[in-house]
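Reader: I'm new to this one and would like a close look at a single part. Could you take me through a helix contact and then show me what surrounds it?

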Amino acid sequence: CSQYHKMYRTVKATSGRQIFQPLHTLRAAEKELLPGFHPFEWQPALKAVSSSWDVGILDGLSGWMSSVEDVPADTIARRFRYDVALVSALKDLEEDLMEGLREQGLDDSSVTGFNVTIKESCDGMGDVSEKHGGGPALPEKAVRFSFTIMSVSAQVEPEHDEPASSPVVIFHEMKPNSELSCKPLCLMFVDESDHETLTAILGPVVAERDAMKESRLILSLGGLPRSFRFHFRGTGYDEKMVREMEGLEASGSTYICTLCDSTRAEASHNMVLHTITRSHQENLERYELWRTNPFGESAEELRDRVKGVSAKAFMETQPTLDALHCDIGNATEFYKIFQDEIGEMHARHGNSPPPGPEERRRWRAALDKQLRKKLKLKPVMRMNGNYVRRLMTAEAVEVVCELVPSEERRQALRELVGLYLQMKPVWRSTWPARE
């Protein structure tokens, strides 16, 4: 703010024109955009949630007695109340919604209610340490929980004897993966692997979310009171967070999948036939079995019965594979293919011995050295997103091809990566609905 104010004064003094708004007008405008500005009510009233609507930023641990002794409780998390934030997001879309009604040819007084689909996301934000120290002693990791309004559909009041019509979509988020449509709800200084603190802070959020499923929101839009029902879809979690939220063992577990019960051994034999057997409800039931052990089994038998569910499922998620991990998984395979091509694996015959670890290490060193020299790409311990973005480019393939002896194989490699680059927009699309 002080930087901005300095700019404002300088520009005004030197040019005599007021290009920037003074700080206090920005502050006033900001109040209207932040949650807690628009009145609303719930019918029936939300269970265990106050009915006041003018609630701004809350302490993330409000509702908990200060039980977390080792952390200064006044600084560990900040959040909005979930319903207040949803109202603010809907009011932001007010013009789009009214426009959507007009486009669908609906008379806005005949529309009784709206259904709103919410995508929830939660992810660790990595290292947020202070570079010059001196602040309070906090974990140097942060986690952000946020939501996106994916679509809003209108329920039209039928005429006297007509059957009820199906809902009409009046708003569709065109760029659901953009940071512009993603509304932060809660920011916390927590390491995402610290299950206890994470669940303590998100506990009230889950309670509010569950209360909202049973109730409908009454909010004035376009000058008339309207009612909204919310449907929550927890699809914005990566695999690590899904395991955390659903009480599964961590990623090193023998029970390898967040969707089904297969173990590593089973998955390596059978890549195809799996059914989705893990659901929030099922995970809760399995946790109860784990907790009570009704059949008096040994730890090993019990673990096999509950398929690695050893903590209470905390928040309902719909596990998906996010674009980043899709990129990383694919690039890891390509990194292996590049090494095999450098070592001419294809030329080995069935009876020749497989390459030893020494030999493989040589191929890998050659690849890393080449990438470092030509692309300034440093080898990393584990694949990360930035490495992947540079490795999977036409430019990088040309650099790898310099190490591949046969021209025929070079051409094949270029074609393969070319195909991959054509496929990438499928899971990386900016405008999924349009593309």
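**Around helix α11**

Author: Let's start where two helices touch: on the α11 side, Leu367, Gln370, Leu371, Lys374 and Leu375 come up against Glu395, Ala396, Val399 and Val400 of α13. Sorted by class, that contact between α11 and α13 has six nonpolar residues, one polar and two charged. Keep in mind that this is a predicted model.

Now for the geometry. Helix α11 spans residues 357–375 and helix α13 spans residues 394–401. Their axes come within 10 Å and cross at roughly 125°. An angle like that falls outside the bands for parallel, antiparallel and perpendicular, so α11 and α13 are oblique to each other. As for handedness, α11 passes α13 in a right-handed crossing.

α11 has another partner, α10. How do the axes of α10 and α11 cross? They come within 9 Å and cross at roughly 110°. Angles from 65 to 115 degrees count as roughly perpendicular, which means α10 is roughly perpendicular to α11. Here α10 brings Tyr335, Phe338, Gln339, Asp340 and Ile342, while α11 answers with Arg360, Trp363, Arg364, Leu367 and Asp368. The class count for α10 with α11 is five nonpolar, one polar and four charged residues. You may recognise Leu367: this α11 residue is listed in the contact with α10 and also in the one with α13.

What links the two helices? There is a loop between α10 (323–342) and α11, and Glu344 has its place in it. Glu344 is worth a click, as its phi is positive, about 50°, although Glu344 is not a glycine.

Let's step away to another helix pair. Helix α3 (residues 82–92) packs with helix α5 (residues 195–213) at an angle of about 65°, and their axes are 9 Å apart. On α3 you'll find Tyr82, Asp83 and Leu86 making the contact, and on α5 Val205, Glu208, Arg209 and Met212. That gives four nonpolar residues, three charged and no polar ones in the contact of α3 with α5.

There are strands to look at as well. Strand β8 (residues 216–221) pairs with strand β1 (residues 41–43) in the antiparallel sense, over three bridges. One bridge to pick out joins Glu41 to its partner Ile218 in β8. β8 also pairs with strand β9 (residues 224–237), again antiparallel, over five bridges. In that pairing Leu219 stands opposite Arg226 of β9. β8 and β9 form a hairpin with two residues between the strands, and Gly222 takes a positive phi near 60° there.

Go back to β1 for a backbone detail. The peptide bond from Gln43 to Pro44 is cis, with omega near -15°. Pro44 itself lies in the loop between β1 and β2 (58–59).

Finally, have a look at the start of the chain. Residues 1–40 are covered by an annotation in an unreviewed UniProt entry, which reads "domain: V(D)J recombination-activating protein 1 DNA-binding". Over residues 1–40 the chain is 62% helix and 0% strand, with the end C-alpha atoms 32 Å apart.

How values were computed:
Residues numbered from 1 in each chain as written. Predicted model: local features only at pLDDT ≥ 70, side-chain atom pairs only at ≥ 80, totals over all residues. Heavy atoms only, no water. UniProt positions renumbered as here; feature names shortened; annotations may be inferred. Helix = DSSP H or I, 4+ residues; strand = E, 2+ residues; numbered from the N terminus. Axes fitted to C-alpha atoms, helices over the stretch in contact; angles between N-to-C directions. Contact = heavy atoms within 4.5 Å. Nonpolar A, V, L, I, M, F, W, Y, C, P; charged D, E, K, R; others polar. Parallel < 35°, antiparallel > 145°, perpendicular 65-115°, else oblique. Left-handed = near helix turned anticlockwise from the far one by under 90°. Pairing = 2+ DSSP bridges.
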